[in-house]
Structure formats: structure tokens, C-alpha cells
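Dear colleague,

I am handing over the structure we discussed, and I would be glad if you could look through it with the notes that follow. Please open it alongside this message, since the notes go residue by residue.

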Amino acid sequence: MYDRWYQNAVIYCLDVETFQDSNGDGIGDFAGLTSRLDYLAGLGITCIWLLPFYPSPNRDNGYDITDYYAVDPRLGSLGDFVEFTRHAHERGMRVLIDLVVNHTSDQHPWFQAARCDPRSRYRDYYIWSADKPPDADQQVVFPGVQQSTWTWDAQAGAYYHHRFYEHQPDLNIANPAVRAEINKIVGFWLQLGVSGFRVDAAPFLIDIPSFQHGDAQDRYQYLRALRETLSWRRGDAILLAEANVDPQTLRQYFGDGDRMHLLFNFYLNQHLFLALVREQAQPLIESLRALPPIPPPCQWANFVRNHDELTLDRLTPQERQEILDAFAPEPNMRIYGRGIRRRLPPMLTGDRRRMVLTYSLMFTLPGIPVLRYGEEISMGDDLSLRERESVRTPMQWNDQPHAGFSSAPGEDLIYPPIDHGPFSYQRVNVAHQQRDPTSFLNTMERMIRTRKECPEFAWGTWQIMDPGTAQVLALRYELEGRTVVTLHNLGRTAQRVRLALGSGAPRLIDLLSARQHELPEGTPYELELEGYGYRWLRLVS
Ligand code: GLC
Ligand code: CA
């Protein structure tokens with residue numbers, strides 16, 4: 001039962017082009033990434049999720065694909081990809097890749113063929129309309145930079161549907177030929193050794209206009225079909241879906257354990273930020289209660305920040321405003337009318353205690369952690385870059401020119417590394433933190449190691465405890481008679497915590513320090529938790 005690797009994985013997400021450049025052209029590549037695998041293995045990562053690395057005009061960070069069966073030549077060759085995968089496996093790490101099949105680039109040969117010939121076999125790969133649907137200008141995903149979800153194509157003489165930017169026409173998965181194509185893409189990369197896919201934009205993938213006339217259940221059947229193909233081709237491969245939908249709808253994505261294996265927990269993520277702002281545990285408690293129970297073969301994937309904006313769309317306007325006021329006070333820090341384009345450390349003005357508290361929560365909330373490159377060293381953002389690019393600056397390896405990311409001249413770099421202010425690469429980098437036992441990096445590494453030693457987090461049952469104070473979140477995890485309790489003080493002031501731990505547990509071991517506590521006869525057990533303090537405690541009898 002406890003051998004499903006993904007249920008206790010530690011995922012690390014990165015974009016090949018900003019991680020490590022090996023040949024001095026200013027763009028990260030597979031050879032560079034491969035040379036950094038020992039670093040990731042040392043950190044304790046068990047699975048690497050790669051952002052899209054396919055040929056692309058790169059108008060949406062590679063989420064606009066022109067060929068699903070190749071590697072962007074700037075990043076290397078298919079051979080380099082296989083070498084990378086092989087070396088990752090040698091170090092005990094699996095590889096997930098992005099499956100971006102809601103849409104293609106408008107430069108994809110399928111779209112080019114479809115637009116110039118109505119009789120082309122590719123015409124029905126996309127979604128067309130002779131007239132502009134009345135609701136075309138509503139529900140754009142990128143308000144401010146996207147006008148509509150239907151755009152006129154003069155060559156085709158028709159409107160085409162696109163949930164995202166207008167250069168990303170949506171594929172028509174109601175067409176069996178498109179489904180066959182997606183199966184072929186999945187099969188291809190499984191054959192090359194990947195352990196699964198992050199399913200990009202899952203709700204939009206299945207929500208195509210022609211489905212809207214049918215049974216609402218229908219669309220979810222596609223997730224099951226995709227899963228069947230995957231599992232038949234490779235039994236231990238997984239699907240990790242991006243589905244930022246309301247808690248009631250989330251269960252559809254898990255199905256009976258026969259659809260997605262993992263779902264990003266956007267709902268918990270947004271409430272985590274609300275809890276941080278309010279310095280109260282209540283938003284986390286409420287969201288944990290609101291989430292559906294998940295079928296046994298499934299799991300949540302928890303994260304703090306990703307490569308997109310911090311979206312706050314599941315909160316009430318007032319809750320959203322509280323977070324914006326506190327963590328994104330200036331207009332340039334906000335985006336799309338619903339989110340924040342910053343990394344965590346600048347949002348928390350570099351407050352180390354609060355940053356560590358946040359990651360401690362990510363590592364212990366029910367589910368598995370997904371770390372994004374640079375988070376382990378507390379990298380910042382560059383608000384002078386456009387849209388979501390602010391959080392996509394190169395990895396900061398050391399204090400050498402261009403952060404050790406590349407030897408190219410500055411003007412050739414894909415993005416400039418952050419070189420000023422408190423988060424500059426001269427101050428925040430891997431090399432410095434490796435040498436300092438008290439660094440952020442070493443704190444993260446230790447948490448990862450400890451988490452892996454606590455199967456309770458992945459497989460246990462959990463329960464919200466009453467610590468007697470509103471600032472503290474107390475969770476109790478149990479697995480086959482083993483018990484771990486975690487405490488997180490979201491508030492800045494010290495709190496006295498009282499816990500009823502039951503009988504038969506004479507000792508508590510603090511898993512992140514050498515402290516041991518004898519439990520007094522007949523608990524409640526009491527302890528003082530400093531402001532933004534946290535504990536991972538194991539009960540030992
Ligand atoms: C997903 C990606 C985002 C991209 C969008 C369109 O939401 O996370 O980066 O822009 O899909 O592909
Ligand atoms: Ca390169």
C-alpha cells in the first residue's frame with residue numbers, strides 16, 4: 001500500500017532555459033541542467049517537473065507549442081533530453097513533463113494547415129465559428145492583455161476559439177483524431193522515460209464549446225480515458241493536473257481514483273496566504289474542511305508559489321483585497337485584476353522566520369510538496385520584467401557574473417539575473433548557503449529529509465486539534481500507531497499552546513531540533529511557541 005511513489009514525492013519544478021546554461025549562449029539547456037542534478041539529489045528531491053521545453057515561438061514561456069515530439073533546439077536535442085532523464089534516474093529522481101494540449105501555438109503546422117484549407121484534415125483539430133459568439137469577450141484568462149476568447153482569422157474566414165492568448169488556438173478534443181494525437185504524444189514521452197505529466201489547464205482542456213450542449217459528466221470522462229491510456233502504457237506513470245476550480249468540482253478530477261492522481265491545491269494555497277496576512281489559523285482550518293475527501297490512490301500537491309501569478313480568485317473580493325493590500329501594495333505588483341506577480345520572500349519583506357514558517361506548512365499540510373527552483377534559497381523577483389516574467393529570473397548559483405547561470409554577455413541572457421537589492425545574486429545564492437549550516441537552503445534540506453522520514457504526512461490520517469489559541473494551526477497525523485503533531489504559529493507574538501494528547505505517550509520528540517519533552521502525567525501538554533514558530537513533534541511511548 002505504501003509503495004505509490006507519487007504519494008510521498010518531493011517535486012521540484014524548473015524551467016530548463018533559466019536553470020543552467022552550459023554553452024554560453026545565454027539560455028539554459030539540458031546539458032546544464034544535467035550538470036546540476038547532484039545538487040537536486042542532495043537537496044532530497046525525488047521528482048523533477050520540467051516546464052515546456054518543446055519548439056515554440058515562446059510568446060507564453062513555451063506554453064505555445066509548435067511540435068510536441070521535439071526539444072527546442074536552443075535547449076538541446078532529444079538525445080540531450082534522454083541523457084538528462086537517464087542521469088536523473090541514476091540519482092533516484094523521476095521526471096514529469098508538461099502536457100499542454102488545451103491549445104497549440106498559432107504557428108503549429110496543424111493550425112497553419114487548418115486555417116488555409118477548410119477541407120484540410122486539420123480543420124477540425126480546432127474550434128471554429130462563422131459568427132462571433134455573444135459571450136466571446138467574457139471570461140478571458142488574462143484580462144488586460146487578452147481581449148476575447150474568439151478571434152477572427154482572415155485566412156480561415158472564421159473565428160477560432162482560444163481560452164488563453166489569441167496566438168494559442170484551442171484544440172478540439174471532441175475530435176477523435178485529436179484524442180488519438182494526444183495519446184500518441186503521451187506514449188512518445190513515456191517511451192522516452194518520463195514518469196508522467198502535469199496536465200496544463202485541465203478545466204479548459206475538457207470544457208470545449210461543443211461539449212456544453214451535452215451531459216456535464218461527459219467532459220470528465222475524457223480525464224478517465226486519458227488516464228487509461230497512460231496507465232496501460234506505463235503502470236507507475238501519473239497525471240498531476242492544474243485545475244483551479246471550486247472544492248465541489250475538484251472531486252470530479254479525482255473521480256473514483258481513476259482520473260487524475262494528483263491535483264495542485266490552489267484552494268489551500270490561497271487560504272494559506274489569507275492565514276499569513278491575518279496571522280490566524282482559521283482560513284487554513286476552513287479550507288481543509290471545505291476540501292473533498294480524496295480517493296486512496298490520489299494525493300494533493302501543495303505549493304507556495306508557481307511560475308504564474310499568485311492567483312487569489314477563489315477568495316471573496318474583501319479577502320483578496322486584504323492580501324493585495326498587505327503583500328502587493330503597489331499596482332505594479334498586481335496582475336490580471338486577481339493576483340500578485342511576486343515571489344514569497346519579497347512579499348514577506350525578507351522576514352526569515354515567516355518564510356520558514358510558510359515552507360514548514362507546505363512540507364506538512366496534507367499532501368506532497370512542490371518546490372519551485374530558487375525557493376530553497378529564497379530568491380526574489382524582478383518587477384521591471386513584463387507580466388509573469390517577474391518571477392522567472394535565472395537561478396542564482398553563486399556570486400560570479402550572471403549568478404553563475406551563464407558566461408554569455410549580458411545582452412544575450414534570456415532574462416537578467418537579479419543583481420541589486422536584498423535578493424541580488426551577490427547576497428542570495430546557492431554557493432554561500434551551502435557553506436553556511438544555518439542558511440535557508442540547509443533549513444529546507446533538513447525539512448525535506450525529515451519529511452521523508454515521516455510517512456505519517458503522506459499516508460496517515462489527519463485531524464485538526466484545538467491548541468487553545470487562534471494564531472496556531474495544530475494538526476495530528478496518525479499511521480499504524482505512529483503519531484506526529486505539527487504546530488504553526490501564524491502570529492508574530494509568542495503563544496501558549498495546550499494540547500490534549502491522550503494517554504500512553506510519555507515523550508515528545510522535536511523532529512527538527514534535539515529537544516525532547518517528557519509529557520506530564522495526564523496531559524494537556526503545554527508549550528510556548530515563539531512568534532512565527534513551528535514544531536514537528538513525534539509522540540513516542
Ligand atoms: C497554464 C500555465 C501558464 C500558461 C497557461 C496557458 O495556466 O501555468 O503559464 O500561460 O497555462 O498555457
Ligand atoms: Ca545554452
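**Contacts of ligand 1**

In this model, which is predicted, a polar side-chain atom of Asp200 comes to 2.9 Å from an oxygen atom of ligand 1. Two histidines make comparable approaches to the ligand's oxygen atoms: a polar side-chain atom of His103 lies 3.0 Å from an oxygen atom of ligand 1, and for His307 the distance between a side-chain N or O atom and an oxygen atom of the ligand is 2.8 Å. Taken alone, ligand 1 would expose 310 Å², and the protein buries 96% of that area.

Ligand 1 sits in the largest pocket, and the residues surrounding it include, besides those just named, Asp60, Tyr63, Phe142, Phe164, Glu242, Asp308, Arg388 and Arg392. Sorted by class, this shell holds seven charged, three nonpolar and two polar residues.

**The calcium site**

The calcium ion (ligand 2) is coordinated at 2.2 to 2.4 Å by Asp21, Asn23, Asp25 and Asp29 through side-chain oxygens (OD, or OD1 for Asn23), and by Ile27 through its O atom. The spacing of these donor residues along the sequence reads D-x1-N-x1-D-x1-I-x1-D.

Are the donors Asn23 and Asp29 buried or exposed? Asn23 has a relative accessible area of 51% and therefore counts as exposed, the cut-off being over 50%, whereas Asp29, at 4% relative accessibility, is buried because it falls under 20%.

With best regards

Technical notes:
Residues numbered from 1 in each chain as written. Chains lettered and ligands numbered in written order. Predicted model: local features only at pLDDT ≥ 70, side-chain atom pairs only at ≥ 80, totals over all residues. Heavy atoms only, no water. Near = heavy atom within 4 Å. Polar contact = N/O pair within 3.5 Å; in protein donor to acceptor, adjacent residues only side chain to side chain. Areas by Shrake-Rupley, 256 points an atom, 1.4 Å probe, with all protein chains shown as cover. 1 Å grid on protein atoms, 1.4 Å probe; cavity = no way out; pocket = protein on both sides within 12 Å on 5 of 7 lines; lining within 4 Å. Sits in = over half its atoms within 2 Å of the grid points. Nonpolar A, V, L, I, M, F, W, Y, C, P; charged D, E, K, R; others polar. Donors = N, O, S within 2.8 Å, 3.2 Å for Na, K, Ca; no water. Buried < 20%, exposed > 50% of the residue type's maximum accessible area, 1.4 Å probe, protein only.
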